[in-house]
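Work through the exercises below with the model open, and try each task before reading its solution.

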Amino acid sequence: MSDEFKPLGLNPWPRFASIATFMRLPHVPVDDPRADRLDIGLIGVPYDGGTTYRTGPRHGPRQIRDQSAIIRLFHRVHGFSPFLAANCADMGDTPVNPADLPDALQRIEGGITALLNKNIMPMVAGGDHLISLPILRALAQTHGGPLGMVHFDSHTDLYDEYFGGFKYTHGTPFRRAIEEGILDPKRTIQIGIRGSMYAVDDHAWGLEQGVRMIFIEDFFEMGADKVIAEAKRVVGTGKTYLSFDVDGIDPTYTPGTGTPEIGGYTPADAQRMLRGLTGIDFVGGDVVEVSPPFDMSGGTALVAANLMFEITCLLALRVKK
């Protein structure tokens, strides 16, 4: 792969210097001629019009860029560099409209479609979890059918509506995606579900559709290795998306998020699970719900940057293959 797309070196710029990009990669907008040679595009979606509790994820991509300066060239466990196996770049942010939700969804979908039209796999930093819906729309259109999904979260995001009939929030994207036929519920696994519920049957609809839910109690009983095996069984060999809400991790480690739920797994658990997902045919991924106003130390964004690195490695392994 070209040295042109390697992260910025330490000489002459230390990690705290120069313009912030994801993992110190070059900034290559989608209309730049160099974009034609990219394999993976790291891109922000600074949108939080779907939040229902604590706002702020619109600022997530910028803070994740800052915290990602610590990411180095090689992954120790995988024993390779995603930046040498694949041409990667920071492609900026998709267009958004903070004043008009339907228009924002269209703009986000268009921004992702622009990457896909150049055969670039999207690695997305959110933004709230509603952004996954337009991303899935773009991916399903490109790949010709519904996708499977590995979903890390404390919430299912399969609710039907909020506030008396409003259908589009960060709690509804995967309900809409299943209804639209762009997400295959029988090839969807959700890991870490927990917290109080609106009603005793909150999870019934998703289970009826065939979604595999691993509640947090199941995770602690099964352990990471069995969860990895179950994820691979559920998604099979088909095209698959990976979505990681940082509130899947215990808020001790990720307090900077909109809807924190206690009792989750650790960042080390998350790393172990992600590292075990090799061999799945991933076509894109996201890390969402980092809310800088509640992340004074930057620790949540630091976790998110490292999760992005783990997922970028999984995407790069598909390129390397």
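## Exercises on a predicted model

**Exercise 1.** Locate Ser196 in the chain and decide whether Ser196 is buried or exposed.

*Solution.* In this predicted model, Ser196 belongs to the loop that runs between strand S5 (183-193) and helix H6 (204-209). The next step is the relative accessible area, which is 67% for Ser196; because exposed means over 50%, Ser196 counts as exposed. As for its distance from Val227, the two residues are 31 residues apart in sequence, and their C-alpha atoms are 23 Å apart in space.

**Exercise 2.** Describe how S5 pairs with strand S6 (residues 212-215), and give the handedness of the crossover between these strands.

*Solution.* Begin with the pairing, which is in the parallel sense and extends over four bridges. Within this pair, Ile189 stands opposite Arg212 in S6. Then follow the chain from S5 through H6 to S6, a β-α-β crossover that is right-handed.

**Exercise 3.** Classify the packing of helix H9 (residues 267-275) against helix H10 (residues 299-320), and state which residues make the contact.

*Solution.* Two packed helices are described by the angle between their axes and the distance between the axes. Here the angle is about 10°, and the axes of H9 and H10 are 10 Å apart. Since angles under 35 degrees count as roughly parallel, H9 is roughly parallel to H10. On the H9 side the contact is made by Pro267, Ala270, Gln271, Leu274 and Arg275, while H10 contributes Val303, Leu307, Glu310, Ile311 and Leu314. Sorted by class, the contact of H9 with H10 comprises seven nonpolar residues, one polar residue and two charged residues.

Conventions: Residues numbered from 1 in each chain as written. Predicted model: local features only at pLDDT ≥ 70, side-chain atom pairs only at ≥ 80, totals over all residues. Heavy atoms only, no water. Helix = DSSP H or I, 4+ residues; strand = E, 2+ residues; numbered from the N terminus. Buried < 20%, exposed > 50% of the residue type's maximum accessible area, 1.4 Å probe, protein only. Pairing = 2+ DSSP bridges. Right-handed = clockwise from strand over helix to strand, strands pointing away. Axes fitted to C-alpha atoms, helices over the stretch in contact; angles between N-to-C directions. Parallel < 35°, antiparallel > 145°, perpendicular 65-115°, else oblique. Contact = heavy atoms within 4.5 Å. Nonpolar A, V, L, I, M, F, W, Y, C, P; charged D, E, K, R; others polar.
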